[in-house]
Amino acid sequence: MEQKCIYCGKNHDLSESDIIPDALTNARIFNNNVCRIEHNNRFSDMFESKVIEALAFITNELDIKSSKGKNYASYDAVITIEGTDYNLKLHGDNEIFNRRVIKSSDNTQMISSYDKAVKIAKDESKVHPLDVNTIELEKKVKINNAIFFDTAMYRMLSKIAYEWYCSKNNISGYYNEFEDIVKFITTGTGANPVSIIQEMEIYKMIDAEVNLGSHVLLAFEKNNGEIDVIISLFGLLIYRVIVTKNKPNDCSNNFLYTELRTDSSRRELIHHSLDEVQQKFFDILAPKNFVSAGIVNGVSIMIPKKIEPIPNAELYPILFNLIKYFICADEDATGPNEKVNDIFLNQLKNITQASTLQKKSIKRFVNEIFYEGHEKIRLNPQSSNKKATILFYSVYLIGLSQEICLDDRILQKILKEGLECAADAEFIVDDEMENKLKNIMMSDKNYSDVLEKGAEKVKNWKN
Ligand SMILES: [Zn+2]
């Protein structure tokens, strides 16, 4: 079939459009039927870059960065040190003092390495030494939650839903049935097709099924032919996008699921309809798929016939339930309210406090803290940073371990054994746990050396 832009029908100068902006996912997905300038590049300036910039703190927490850039996106933070505020642009939360000069918000104080400070002040008596390992340090990050209810966000979500649905249906060219959503994406005017799911149980169901920080896309058809796409953005908020009230006949795949994880792996399902897939799924459980294995004490024993296993079978029952809810629910929010804000804060807390104990985040942490020529690590009992503490503790465990070379399996083993010693059943990093982990490390008089040893092993861990 001839390739044409799904927004304007143009058949030349087409490009590969990142359905979800590259800076917001480590697992890229594409639609190839989008013209290069008008409906790909321009969207970036029109709404995508605004969203990307506002979500920099989240993408940093999840170790997500654009495949094009070298650095993680920067975000604004206020660090309070000995009562003075310092405004900083941070890339990751571990590099506050990393070889730079920082100025206080009122421009009266400056922090840098001692040598540099003396050079700048030209007078050693004006320089006041600070021990970064013992000073009290408070970091505040302003999360611009307004972005989640901004037209730029709604346009981006509409674009994601539309391009994804079209790509799964091999749509080429523009169809009138998509007039409303195309108008909203391209101009930001007309009816907003996006609403917000405000049922906490739905968030819990999805959280239980997918990895932390994943994006989830789910498409289904309502009885009246309307196509909805549900988008869970990092698990922070779940949105519903009405792609069309009336689908074109060419769209035959209307039960779609894509899950994009932060480690770039994914799960995907593609079927014609909910009815078809329910039929398929329950057929497997039907009596005709069982054969008699004989009669024992008068009871006939039936065993399942050998059948092809369905990939991702565990997902289907959950999706059936979710779709049942989404088809009937008419209580979506159209903007922020108390309920939505509570959900958002709760989900944000989960993401920022959960330990992201995977290779990528540990490697990044070690590169930022244990850089060439860094000072010996001494933990600061006064400062609180749960993510850093759990990462320090992980490096400490790696340092203690007899294993010389790391791989994913060995890392998980080391962490599991080490964390089980610290926690009884569930591992929740609250203030108490943070202090406990710090105390375990600091009561070991060699802990600084153990950390170095652990960091060395992490650095030697080849990709
Ligand atoms: Zn176009």
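Me: Does His39 count as buried or exposed?
Reply: This is a predicted model, in which local features need pLDDT of at least 70, side-chain atom pairs count only at pLDDT 80 or more, and totals for chains, interfaces and linings use all residues. Residues are numbered from 1 along each chain as its sequence is written, and side-chain values use heavy atoms, leaving out hydrogens and water. Buried means under 20% relative accessible area, exposed over 50%, and partly exposed in between (1.4 Å probe, protein chains only). At 9% relative accessibility, His39 is therefore buried.

Me: What arrangement do the four donor atoms make around the zinc ion?
Reply: Happily, the donors can be named: Cys5 (SG), Cys8 (SG), Cys35 (SG) and His39 (ND1) coordinate the zinc ion at 2.1 to 2.4 Å. Donors are N, O and S atoms within 2.8 Å of the metal (3.2 Å for Na, K and Ca), and sites may look incomplete without water. Four donors count as tetrahedral if all angles lie between 85 and 135 degrees. The angles here are 94 to 119°, so the arrangement is tetrahedral.

Me: How are the donor residues of the zinc ion spaced in sequence?
Reply: Among the donors is Cys35, which is buried at 1% relative accessibility. Reading along the sequence, the donor spacing is C-x2-C-x26-C-x3-H.

Me: Which residues does Glu48 touch, not counting residues up to four places away in sequence?
Reply: Glu48 sits in helix α1 (residues 37-54), a DSSP run of H or I with at least four residues, numbered from the N terminus. Glu48 is buried, with a relative accessible area of 7%. With contact meaning heavy atoms within 4.5 Å, the partners of Glu48 beyond four places in sequence are Pro21, Phe43, Met156 and Lys159.

How values were computed:
Helix = DSSP H or I, 4+ residues; strand = E, 2+ residues; numbered from the N terminus. Tetrahedral: all angles 85-135°; square planar, octahedral: opposite > 155°, others 65-115°.
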